Amino acid sequence: MSSPAVLNNTALLMLQQHPPATARSAADSPAGSGAGSPPVQAGNSQSMFSVSNLNVTATKVRLMERAGKEFGIDQADYESVFSYGSAVKNAVEALKRQSPSAIAGIERQLGLDQLGISLDTLANAIIDPQGSDGDRLDAALEKQVGDDGKDEGNAASIRPDEIGLYGR
């Protein structure tokens with residue numbers, strides 16, 4: 001299993017994809033908006049820290065770890081997410097040459113088939129989270145989180161259980 005520091009670094013990388021909202025100074029504010037008015041981009045911080053967004057990020061990190069484990073690759077052995085992603089990508093390419101049919105099995109095991117994402121797309125998203133494959137993965141995970149939430153209501157309806165933990 002990877003160390004907590006590596007998981008934190010990966011999670012930090014995922015969260016850095018969404019820059020924090022910035023408040024405008026009073027000098028930049030339009031006339032008539034009082035000092036007590038919320039920052040213009042307040043909605044961004046609400047969506048950035050929403051239950052859905054955190055679920056997407058956590059799911060993405062777990063998916064990236066599981067992909068590496070499928071190939072015997074441990075993220076803790078690499079200095080960066082890029083080098084880890086490159087190792088996963090190289091392993092995918094090697095497996096394609098040896099046993100192309102095994103790729104579909106790994107995609108099913110990881111649930112990528114349910115997301116409509118290929119193993120190549122996942123590997124590319126690990127290497128370049130802000131690239132087009134990273135965006136495709138994010139969109140698929142956001143859709144999945146949204147679909148899962150339809151059965152149980154919105155995030156506002158989630159309540160803590162008997163020991164005070166939130167979740168499903």
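Which residue forms a salt bridge with Arg136? I looked this up before anything else, and the partner is Asp133, with the closest N and O atoms 2.6 Å apart. I take a salt bridge to be a side-chain nitrogen of Lys or Arg within 4 Å of a carboxyl oxygen of Asp or Glu.

**Entry 1: what kind of model this is**

I note that this is a predicted model, in which local features need pLDDT of at least 70 and side-chain atom pairs count only at pLDDT 80 or more, while totals for chains, interfaces and linings use all residues. Residues are numbered from 1 along each chain as its sequence is written, and side-chain values use heavy atoms, with hydrogens and water left out.

The pLDDT is the predictor's confidence in each residue, from 0 to 100. For the protein chain I read a mean pLDDT of 73, with 55% of the residues reaching 70 or more. Over residues 18–50 the pLDDT is below 50, and this stretch has 16 contacts in the model beyond near neighbours in sequence, a contact being heavy atoms within 4.5 Å. Residues 151–157 also have a pLDDT below 50, with 3 contacts beyond near neighbours in sequence. I remind myself that where pLDDT is low, the predicted coordinates should not be read in detail.

**Entry 2: the helices**

I found 8 helices and 0 strands in the protein chain, these being DSSP runs numbered from the N terminus, with helices (H or I) of at least four residues and strands (E) of at least two.

I then turned to helix α4 (residues 81–98) and helix α5 (residues 100–110), which pack at an angle of about 130° with their axes 5 Å apart. The axes are lines fitted to C-alpha atoms, for helices over the stretch in contact, and the angles run from 0 to 180 degrees between N-to-C directions. That angle makes α4 oblique to α5, since angles under 35 degrees count as roughly parallel, over 145 as roughly antiparallel, 65 to 115 as roughly perpendicular and the rest as oblique. On the α4 side I listed Val92, Leu95, Lys96 and Gln98, which meet Pro100, Ala102, Ile103 and Ile106 in α5. By class, this contact has 6 nonpolar, 1 polar and 1 charged residues.

**Entry 3: the salt bridges**

My search of the whole structure gave 6 salt bridges. Going back to Arg136 and Asp133, I see that they are 3 residues apart in helix α8, and so are separated by about one helical turn. For accessibility, buried means under 20% relative accessible area, exposed over 50% and partly exposed in between (1.4 Å probe, protein chains only). Arg136 counts as partly exposed because its relative accessibility is 44%, whereas Asp133, at 15%, counts as buried.

Where in the chain do Lys60 and Asp138 lie? Lys60 is in helix α3 (residues 51–70) and Asp138 in helix α8 (residues 132–152), so this pair links distant parts of the chain, 78 residues apart. Their closest N and O atoms are 2.6 Å apart, and both residues are buried.Lys89 forms a salt bridge with Asp120, with the closest N and O atoms 3.6 Å apart. Lys89 lies in helix α4 and Asp120 in helix α7 (residues 119–127), so the pair ties together parts that are 31 residues apart in sequence. Lys89 counts as buried at 18% relative accessibility, and I also found Lys89, Glu93, Lys96 and Asp120 linked in a network of salt bridges.

Notes:
Ala, Val, Leu, Ile, Met, Phe, Trp, Tyr, Cys and Pro count as nonpolar, Asp, Glu, Lys and Arg as charged, and the others, Gly among them, as polar.
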